[in-house]
Amino acid sequence: MTWDWYSEPAEAGPDLARRLRVDRTATLTKTRYVFRGDGRPLQLATAYEPLEFAPHTEEERRSLAARLDAHGIKITEVVESIHTRVPEPRESEVLDLSAGVHVLHVERTHWAGDRPVETSDIIIPGDRFKMVYSMPV
């Protein structure tokens, strides 16, 4: 698998402020990814982190857990909310979706105790994948 990415500063705004428990005017690092397999786009992801955790090198970008661990922060929980929806025009174009194909939208937040430390929106073509979960009891 390969990926392209681009990072830029972004204001939190109301939704991300709620998800990350920061002020609406807080500046975050916004990173957009396009993941590919065999050259075909498989998934889009947009991740948001407080500036203090932003990756600076390609190696840091590969592991959120390792990067946060370097700051003395341990991820204790990952929470996902998943729904299906009609793709936005840009998503259809980048993912090369056929007309009528919906996407899975995964809203994922990494937590360190009671603090959210990263949140992301992951967009997956509904005609190419299925979600499988295992929940130990």
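This briefing describes the fold, the nonpolar core and selected residues of one protein chain. The structure is a predicted model. Its secondary structure comes to 4 helices and 6 strands, and the strands form an open, antiparallel sheet in the order β1-β2-β3-β6-β5-β4. The largest nonpolar core consists of 8 residues, and β2, β3, β5 and β6 each give two or more residues to this core.

**Overall dimensions and composition**

- The radius of gyration of the protein chain is 16 Å, which agrees with the value near 14 Å expected for a compact globule of 137 residues.
- Along the principal axes, the C-alpha atoms fill a box of roughly 45 × 40 × 30 Å.
- Of the 137 residues, 42% count as buried.
- The accessible surface of the chain is about 8400 Å², and carbon and sulfur atoms contribute 52% of that area.
- Among contacts with a sequence separation of 6 or more, 53% join residues that lie 24 or more positions apart.

**Order of elements and sheet architecture**

- Read from the N terminus, the elements follow the pattern β-α-β-β-α-α-β-α-β-β.
- The sheet has 6 strands with antiparallel pairing; its edge strands are β1 (residues 2-11) and β4 (residues 77-85), each of which pairs on one side only.
- From one strand to the next, the twist averages 15 degrees.
- Helix α1 (residues 13-20) packs on this sheet and touches β1, β2, β3, β5 and β6. The direction of α1 makes about 120 degrees with that of β6.

**Strand pairings**

- β2 and β3 are antiparallel and pair over 10 bridges; in this region, Tyr 33 has Ala 45 of β3 as its bridge partner.
- β4 and β5 run antiparallel and are joined by 9 bridges; Glu 77 has its bridge partner in β5, namely Trp 111.
- β5 and β6 also run antiparallel, joined by 10 bridges, and Val 103 stands opposite Pro 125 in β6.
- The hairpin of β5 and β6 has 2 residues between the strands, and Gly 113 in this hairpin takes a positive phi near 65 degrees.
- β5 is mostly covered, with 8 of its 10 residues buried.

**Nonpolar core**

- The core is made up of Tyr 33, Phe 35, Ala 45, Ala 47, Leu 104, Val 106, Ile 122 and Ile 124.
- The elements that give two or more residues to the core are β2 (27-37), β3 (40-50), β5 (103-112) and β6 (115-125).
- Tyr 33 and Ala 45 both belong to this core, and these two residues are also bridge partners.
- Beyond four places in sequence, the core residue Val 106 touches Glu 80, Ser 81, Ile 82, Ser 120, Asp 121, Ile 122, Ile 124 and Met 131.

**Met 131 and the segment after β6**

- Met 131 is located in the segment that follows β6.
- Its relative accessible area is 32%, so Met 131 is partly exposed, a class that lies between the limits of 20% and 50%.
- Leaving aside neighbours within four places in sequence, Met 131 contacts Ile 82, Leu 104, Val 106 and Ile 124. Of these partners, Leu 104, Val 106 and Ile 124 are members of the largest nonpolar core.
- Met 131 and Gln 43 are 88 residues apart along the chain, and their C-alpha atoms are separated by 13 Å.

**Loop residues**

- Arg 21 lies in the loop between α1 and β2. Although not a glycine, Arg 21 has a positive phi of about 55 degrees.
- Arg 21 counts as exposed because its relative accessible area of 56% is over 50%.
- Asp 96 is placed in the loop between α4 and β5. This residue has a positive phi of about 55 degrees and is not a glycine.
- With a relative accessible area of 58%, Asp 96 is exposed.
- Gly 100 is found in the loop between α4 (89-95) and β5, and at 67% relative accessibility Gly 100 counts as exposed.
- Gly 100 and Asp 127 are 27 residues apart in sequence, with a C-alpha to C-alpha distance of 9.9 Å.

Key: Residues are numbered from 1 along each chain as its sequence is written. This is a predicted model: local features need pLDDT of at least 70, side-chain atom pairs count only at pLDDT 80 or more; totals for chains, interfaces and linings use all residues. Side-chain values use heavy atoms; hydrogens and water are left out. A nonpolar core is a set of buried Ala, Val, Leu, Ile, Met, Phe, Trp, Tyr and Cys residues joined through side-chain atoms within 4.5 Å. Buried means under 20% relative accessible area, exposed over 50%, partly exposed in between (1.4 Å probe, protein chains only). Contact means heavy atoms within 4.5 Å. Two strands pair if DSSP finds at least two bridges between them. Axes are lines fitted to C-alpha atoms, for helices over the stretch in contact, and angles run from 0 to 180 degrees between N-to-C directions. The radius of gyration is taken over C-alpha atoms; the globule rule is 2.2 Å times the number of residues to the power 0.38. Accessible areas come from the Shrake-Rupley method with a 1.4 Å probe; for residues, only the protein chains shown count as cover.
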